[in-house]
Amino acid sequence: MITLQITAAKEKDAEEILNELLESELVYAGFVTPIKSWKRKKDKVHYNFNCLATAFTQAVLFKEIELFLIKKFPQKDSIIYSTPLLNFSGQHEQLLKKETTSKVR
């Protein structure tokens, strides 16, 4: 199990991405949080992300989700990364496994 974090430039983009992942049964649940991003001041272009979408999913779905986002939202600038979930309280782990699609069954 992992938490999936996706940065987005706009809150609307983060909400749209999270909604599509939920509808496609690639994630179990999630939330969107506004963030204040910081960047170095150099000659290079640095993107300014203002929102973070966090979702819960199976680790085996990470690559599938990454490819889904590239195909579904090629115009949206985002960064995707994950963090392992070591403990998932209650029945959420079983619900997550049941309510997300996976090619590994």
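Let me start at Thr-100, which sits in the segment that follows helix H3, residues 92-99, and please keep in mind throughout that what we are looking at is a predicted model. Is Thr-100 buried or exposed? Its relative accessibility comes out at 1%, and because anything under 20% is counted as buried, Thr-100 falls in the buried class.

What, then, does the side chain of Thr-100 make a polar contact with? One partner is the side chain of Gln-58, at 2.6 Å, and, turning to the backbone, the oxygen of Leu-96 is placed 2.8 Å from a polar atom of the Thr-100 side chain.

Now to the sheet, which is an open one built of 4 strands in the order E2-E3-E1-E4, and the pairing is antiparallel. At its edges we find strand E2, residues 29-34, and strand E4, residues 78-84, each of which pairs on one side only. Going from one strand to the next, the twist averages 20 degrees.

If you look at the pair formed by strand E1, residues 2-8, and strand E3, residues 51-57, you will see that they run in the antiparallel sense and are joined over 7 bridges; within this pair, Gln-5 stands opposite Thr-54, the latter belonging to E3.

Finally, which helix packs on this sheet? Helix H2, residues 62-72, does so, touching E1, E3 and E4, and the direction of helix H2 makes about 165 degrees with that of E4.

Technical notes: Residues numbered from 1 in each chain as written. Predicted model: local features only at pLDDT ≥ 70, side-chain atom pairs only at ≥ 80, totals over all residues. Heavy atoms only, no water. Helix = DSSP H or I, 4+ residues; strand = E, 2+ residues; numbered from the N terminus. Buried < 20%, exposed > 50% of the residue type's maximum accessible area, 1.4 Å probe, protein only. Polar contact = N/O pair within 3.5 Å; in protein donor to acceptor, adjacent residues only side chain to side chain. Pairing = 2+ DSSP bridges. Axes fitted to C-alpha atoms, helices over the stretch in contact; angles between N-to-C directions. Contact = heavy atoms within 4.5 Å.
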